[in-house]
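Grab a pencil and work through these exercises with the model open beside you. Try each task before you read its solution.

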Amino acid sequence: MKTVDSVLQLIGNTPLVKLNKVTSGLEAEIWVKSEYLNPTGSIKDRVALRMIEDAERLGQLKPGYTILESSTGNTGTSLSFIGTLKGYKVVIYETTPGKMGQEKKNLMMGYGAEVRTISPAEYEDLRRGVPGAEIELPGRRICLALEKKNSDVWWARQFANPSNVEAQRDTGREILGQTGGEVEAFVASIGTGGTLMGVAEVLKEKNSKTRVVGAIPPGSKKEMKPGRPYPVSEIEGGIIAEMLMKPGLIDEVVTITDEEAVEMTERLWREEGVFAGVSSGANVVAAIRIAEELDRGQRVVTVMHDSGDRYLTTKHYVT
Ligand SMILES: Cc1ncc(COP(=O)(O)O)c(C=O)c1O
């Protein structure tokens, strides 16, 4: 059995698991990267660790500073976990409405953060799903104002932080290693866009023919289409805008409904024993659509962004 000196060493290097039942009738295979097995139960442990350690190295984050972020939950939880462990104060603006937001708040507080809840009224109807890129905006506005006013705060700025993409390039390298580079298509839900961009860059550097597909909930108010500009400001755009305009990187962005995502999530739990969250269900819905067009033995890879434990009270597609 492996031993580690710190729980931080348990971040990443997640297994790639083949789906066996929800794929019945398909010639092609679907493999899922089990990011819900990271210490706090999400892929964002990779991102938080990289953002914090890069900022420390660059002198942007110093002892005694407060870490700030606006988050629908996962990045906030990962920053709470790693930031608190490293001795920083962590303040998170949690932006998921309803019971799901409460569950995530409890998780972040459990890891030591101070959590301030913001519930944008226009997103109260979670049944349409909620894109992180839009629902996090009110929290980002507050983080920006605090950053301008105080010298001892560090806003992680996940939506535009290059360390976010860099962390996900590691995820891409792991996928290459686990598949021998044989990946026909890759799918990921878009929140900040970090997962899709980092993994896509690595896969396309290896094989420019790998198809890369992003998934979003229908609640998205702003169009996300490869080759079309996405609004950029001090609080939005960032990775998404760059990724959409990078020639040949993203092939398509598809919309998955809340119902489709929730139904597949429940099937993943029961039929595959994969205890992942609702955006992971959405990813598998999109992966199946792609796999239907592929031949025997070809592979679609996707990620299980987070754990099912944060969707026990209520399930919705939130990125
Ligand atoms: C549950 C969930 N799914 C998907 C995503 C998308 O990840 P990314 O921010 O890398 O685009 C996120 C984070 O934003 C998330 O919290």
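**Exercise 1.** Work out where the ligand lies in relation to domain 1 and domain 2 of this predicted model.

*Solution.* Start with who supplies the shell around the ligand: domain 1 (7–38 + 167–311) and domain 2 (44–155) both give residues to it, so the ligand lies between them. Next, look at who comes nearest: of the 16 residues around the ligand, these are Gly191, Thr192, Thr195, Ser279 and His305. Helix H7 (residues 194–206) provides the largest share of the shell, 3 residues. Finally, sort the shell by type: you get 13 polar, 2 nonpolar and 1 charged.

**Exercise 2.** Check whether the length of helix H2 (residues 74–85) agrees or disagrees with 1.5 Å a residue, then find what covers the helix.

*Solution.* First, the expected span: the 12 residues of H2 should cover 16 Å at that rise. Now compare: the end C-alpha atoms are 17 Å apart, which agrees. Then count the buried residues, and you'll find 10 of 12, including Leu79, Phe81 and Ile82. Their cover includes helices H1 (44–57) and H3 (98–110), plus strands S3 (66–71) and S4 (89–94). Just past the end of H2, Gly87 has a positive phi of about 95°.

**Exercise 3.** Find the strands that pair with strand S10 (residues 299–303), and say which way they run.

*Solution.* Take strand S2 (residues 29–33) to begin with: 5 bridges join it to S10, and the two run parallel. Within that pairing, Trp31 partners Val301. Strand S7 (residues 185–189) also pairs with S10 in the parallel sense, over 3 bridges, and here Val187 partners Thr302. As for side chains, Arg299, Val301 and Val303 point one way, Val300 and Thr302 point the other, and all are buried.

Note on methods. Residues numbered from 1 in each chain as written. Predicted model: local features only at pLDDT ≥ 70, side-chain atom pairs only at ≥ 80, totals over all residues. Helix = DSSP H or I, 4+ residues; strand = E, 2+ residues; numbered from the N terminus. Expected span 1.5 Å × (residues − 1). Buried ≥ 20, exposed ≤ 12 C-beta atoms within 10 Å, placed from the backbone. Contact = placed C-beta atoms within 7 Å. Near = placed C-beta within 6 Å. Nonpolar A, V, L, I, M, F, W, Y, C, P; charged D, E, K, R; others polar. Domains from an automatic or database assignment. Pairing = 2+ DSSP bridges.
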